[in-house]
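User: I am new to reading protein models. Can you walk me through a few features?

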Amino acid sequence: MDQALALEIMGTGESVLLTGPAGSGKTYVLHEFIRRSKAAGKHVSVTATTGLAATHLNGNTIHSWSGIGIHDELPAKFYEGLLKGRRDTIRKTDVLIIDEISMLHDYRLDMVDEVARKVRESDEPFGGIQVVLCGDFFQLPPVTRQGSRPGGFVVNATVWQRLSPAVCYLTEQHRQNDDEFLEILNAIRAGDVRRRHAEALLQRRGAYDPFDEATELHTTNVDVDAINQARLQQLDDEAHVYAMDTSGKSTYVDTLKRSCLAQEELVLKKGAFVMCIRNNPEKKYVNGSLGVVIDFENDTGYPVIELKNGRTITITPETWELRDGDKKRASLSQIPLRLAWAITVHKSQGMTLDAARVDLRRAFVEGMGYVALSRVRSLETLSLAGINQMALRVSPVALEIDETLRSRSAQDAARFEYLRERARQREKETARMPQTPGTWSEKVDKMREKYPNAYKPWAESDDAKLVKLFDAEASISVKELTKVFGRHPGSIRARLKKHFGEDAIRILEKRR
């Protein structure tokens, strides 16, 4: 199924399983569906099975959204202890997104269903919420910790049969551009790795130019930080430090920090090998784009990166949010980069890497090798430190599930064939829409005509002055503060919110 038809099916209000191989565009479809749903006035709760996956969508974990936490079963008096805010969020939700669904146990999906039905006082699956599950069962499976209740994939959940979601199995490839490599990845997915496939991979052992930077993917956290810090210390240039800005209650902020690839303190030097950790709205880079720091802007201090594709760009701060339904619980702002000499396979999930050196000698779970290998675009950009047999395995259960899902997707494509004309019409309308002109630099220059300090870092002296003025001048307004500091009103509000919390915004509203 193509992306356009999948989006139209999701737009009907049907509950859906959005699946397909790595690189088929599942995240893009989710983002577009969320945008359309919110534009239509729907209350969308965006969640994922891990905090890291949730931050890619500015969402929350499904465990937190539902209130089930780490429980293996709902404890006695669970509903009596469910906070009013949590109940309100569940009641208001029209659409529930659950990303990385392969990592959610079947019994936990049943627990979320039970909570939603009870809170919404409806016996329909999930209390009548449209549910969009997204993920690939060939990727990382549910993790059963020692002493925890065992479980399987969500297709074994009791609610799965009652929900009976339409299956949108995406088949187009938007990452790999190498037919031989695609054949190998598809062979791994099919559990049919032949000798020629293994030999082609083994030929990539040590196959890299030592003068060409590439990210190392490791199966554990043991070596990653050590490798990155050691390589950074080898650079003699001056260190540039970027501190994270946050807003929201400390508990929510801490949750967001733990779930996010952004670092509280990012240290960069000229020559540092870095990775972008967000998809840029203007499509200058994607999550996983690699580059080298070649300079720092004079005015802002922001890093200037030469990407692998030869393009040179300035990386400006991005914002991550922790949202609970429609409520923003916390946000943080940081340069969307991290050192890229090494990263774990787990943290690479969802990324597209320009090049990678992959160490699969200690792969310890089915699907791990597929996740790691499928991050890169071609065999040419892959180097193997080593590989074990486990790395080429996928779950036999996932194989059975995949066959069923492909069949159901074909049936659902035929069932919703009437939506194709609507999809074609939408594509024509999108093509006719005017594109927003101007590069990021041009937009910043334009804004600085009115706000000369726009997007420049806050000096400590300015921060102290802002706090003093806000405290001492009982009538001072945002408009007056923008003149004093030469900054956009949104920047003034965000800074005051950082220092004084939500109360500052309410005070400012009264000062208009």
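**Helix packing and backbone angles**

Analyst: Helices α8 and α9 are oblique to each other, a word for angles outside the bands under 35 degrees (roughly parallel), over 145 (roughly antiparallel) and 65 to 115 (roughly perpendicular). This is a predicted model, where local features need pLDDT of at least 70, side-chain atom pairs count only at pLDDT 80 or more, and totals for chains, interfaces and linings use all residues. Residues are numbered from 1 along each chain as its sequence is written, and side-chain values use heavy atoms, leaving out hydrogens and water.

User: At what angle do α8 and α9 pack, and how far apart are their axes?

Analyst: Two packed helices are described by the angle between their axes and the distance between the axes. Here α8 (residues 179-189) and α9 (residues 195-202) pack at about 120°, with axes 10 Å apart. Axes are lines fitted to C-alpha atoms over the stretch in contact, and angles run from 0 to 180 degrees between N-to-C directions. Helices are DSSP runs (H or I, at least four residues), and strands are too (E, at least two).

User: Which residues make the contact?

Analyst: From α8 come Glu180, Glu183, Ile184 and Ala187. From α9 come Arg196, His197, Ala200 and Leu201. Contact means heavy atoms within 4.5 Å.

User: What is the phi of Glu100?

Analyst: Most residues other than glycine have a negative phi. Glu100 has a positive one, near 55°. Glu100 sits in the loop between β4 (95-99) and α6.

User: Is Glu100 buried or exposed?

Analyst: Glu100 is buried, at 14% relative accessible area. Buried means under 20%, exposed over 50%, and partly exposed in between, with a 1.4 Å probe and protein chains only. Ser164 also has a positive phi, near 45°, but is partly exposed at 45%.
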